[in-house]
Amino acid sequence: MTARPDDADYPADVAPVALDLIELDDAVAECRACPRLVAWREQVATEKRAAFRDQTYWGRPAPGFGDPTAGIMIVGLAPAAHGANRTGRMFTGDRSGDFLFAALHAAGLANQPTSTHIDDGLRLTGVRITAPVHCAPPDNKPTPEERRRCGPWLSRELELVRPRVAVVLGGFGWDALLRTLAEQGWAVPRPRPRFGHGAEVTLQRGEASLTLLGCFHVSQQNTFTGRLTPAMIGEVLTRARELAA
């Protein structure tokens with residue numbers, strides 16, 4: 001019997017049987033398995049930020065999006081409270097997205113350098129964007145239990161897309177992805193590879209291979225301070241294109 005969206009077992013029951021990305025994304029958007037995250041995302045959607053007070057917030061989990069046959073998967077952290085939690089699309093409507101999509105456009109992976117709302121015409125080629133946690137968390141800090149509960153969505157998404165490269169934005173996504181890959185039977189080294197900007201690790205599962213590329217997160221804390229520059233992320237995306245080809 002399939003769990004209801006507000007049951008803790010909902011992701012674990014529903015994700016593995018999703019037949020395609022459309023079915024998976026629809027199920028993700030219905031999930032209410034983490035009470036703390038549900039309460040926070042809905043509070044934010046009700047109270048809103050002053051600049052967006054006339055807008056209707058999405059206020060639900062944000063599914064992954066992009067090319068369904070992508071050779072490159074970009075793995076972030078979680079939706080931003082007034083970004084994807086407002087617009088319904090990963091990295092859309094906030095400064096982090098401005099930086100990321102400008103870089104993707106420069107690398108020839110997006111048809112435009114901006115992402116303002118879900119119907120703005122943005123298209124990704126060879127890339128799909130996702131996160132280990134699909135709801136906006138308080139203080140941008142999901143708990144280990146919330147990551148674990150959300151894990152089946154990422155696992156099924158990887159199985160359906162079968163990327164050759166994963167560009168991982170930040171240490172949280174790096175650790176979460178390695179845990180998921182280990183659970184899927186990929187040969188993850190012990191001790192697990194450490195995150196770092198420019199880190200590169202290739203994993204095997206039978207004849208299949210997947211290369212992880214580390215990149216500092218596109219948060220304002222990194223981009224405004226110069227810790228992550230357009231040139232730095234451009235180098236990572238160029239490497240990802242080479243490997244995916």
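Modeller: A residue is called exposed when its relative accessible area is over 50%, buried when that area is under 20%, and partly exposed in between. Please keep in mind that this is a predicted model.

Colleague: Why is arginine 162 called exposed?

Modeller: Arginine 162 has a relative accessibility of 67%, and the cut-off for exposed is over 50%, so arginine 162 counts as exposed. This residue lies in the loop between H6 and E4, and its phi is near 55°, a positive value in a residue other than glycine.

Colleague: What makes asparagine 140 partly exposed?

Modeller: Asparagine 140 has a relative accessibility of 48%, and partly exposed covers what is neither under 20% nor over 50%, so asparagine 140 counts as partly exposed. Asparagine 140 is found in the loop between E3 and H6, with a phi near 60°, which is again a positive value in a residue other than glycine.

Colleague: What makes cysteine 34 and cysteine 215 buried?

Modeller: Cysteine 34 has a relative accessible area of 11% and cysteine 215 has a relative accessibility of 0%; since buried means under 20%, cysteine 34 is buried, and cysteine 215 counts as buried too.

Colleague: How do you know that cysteine 34 is too far from the closest cysteine sulfur for a bond?

Modeller: A disulfide is a covalent bond between the sulfur atoms of two cysteines. The closest cysteine sulfur to that of cysteine 34 belongs to cysteine 31, at 6.4 Å, whereas a disulfide needs the two sulfur atoms within 2.5 Å, so this pair is too far for a bond. The structure as a whole holds zero disulfides.

Colleague: Turning to the sheet, why are E1 and E5 called edge strands?

Modeller: The sheet is open, with six strands in the order E1-E3-E2-E4-E6-E5 and mixed pairing. Strand E1 (65–66) and strand E5 (200–205) each pair on one side only, and they are the edge strands. The partner of E1 is strand E3 (residues 127–130), in the antiparallel sense, with glycine 66 bridged to arginine 128 in E3.

Colleague: How do you know that E1 and E3 pair?

Modeller: Two strands count as paired when there are at least two bridges between them, and E1 and E3 have two bridges, so the condition is met.

Colleague: What makes the pairing in this sheet mixed?

Modeller: Both senses can be found among its strands. E2 and E4 pair in the parallel sense over four bridges, with isoleucine 72 opposite valine 165 in E4, and E4 and E6 also pair in the parallel sense, over five bridges, with leucine 213 in E6 as the bridge partner of valine 167. E5 and E6, however, pair in the antiparallel sense over six bridges, and leucine 203 has leucine 210 in E6 as its bridge partner. In the hairpin of E5 and E6, two residues lie between the strands, and glycine 206 takes a positive phi near 65°.

Colleague: Why are E4 and E6 called largely enclosed?

Modeller: In E4, five of the five residues are buried, and in E6 six of the eight residues are buried, so each strand is largely enclosed by the rest of the structure. In a regular strand the side chains alternate between the two faces of the sheet. From E4, Val165, Val167 and Leu169 point one way while Ala166 and Val168 point the other way, and all are buried.

Colleague: What makes H6 roughly perpendicular to H7?

Modeller: The axes of helix H6 (residues 144–161) and H7 come within 10 Å and cross at roughly 70°, and angles of 65 to 115 degrees count as roughly perpendicular, so H6 is described as roughly perpendicular to H7. Among the residues that make this contact are Leu154 and Leu158 of H6 and Ala176 and Leu177 of H7.

Colleague: Why, then, is H5 called oblique to H9?

Modeller: The axes of helix H5 (residues 95–106) and H9 also come within 10 Å, but they cross at roughly 50°; this value lies outside the ranges under 35, 65 to 115 and over 145 degrees, and the rest count as oblique, so H5 is oblique to H9. The contact is made by Phe99, Leu100, Ala103 and Leu104 of H5 and Pro230, Ile233 and Leu237 of H9.

Note on methods. Residues are numbered from 1 along each chain as its sequence is written. This is a predicted model: local features need pLDDT of at least 70, side-chain atom pairs count only at pLDDT 80 or more; totals for chains, interfaces and linings use all residues. Side-chain values use heavy atoms; hydrogens and water are left out. Buried means under 20% relative accessible area, exposed over 50%, partly exposed in between (1.4 Å probe, protein chains only). Axes are lines fitted to C-alpha atoms, for helices over the stretch in contact, and angles run from 0 to 180 degrees between N-to-C directions. Contact means heavy atoms within 4.5 Å.
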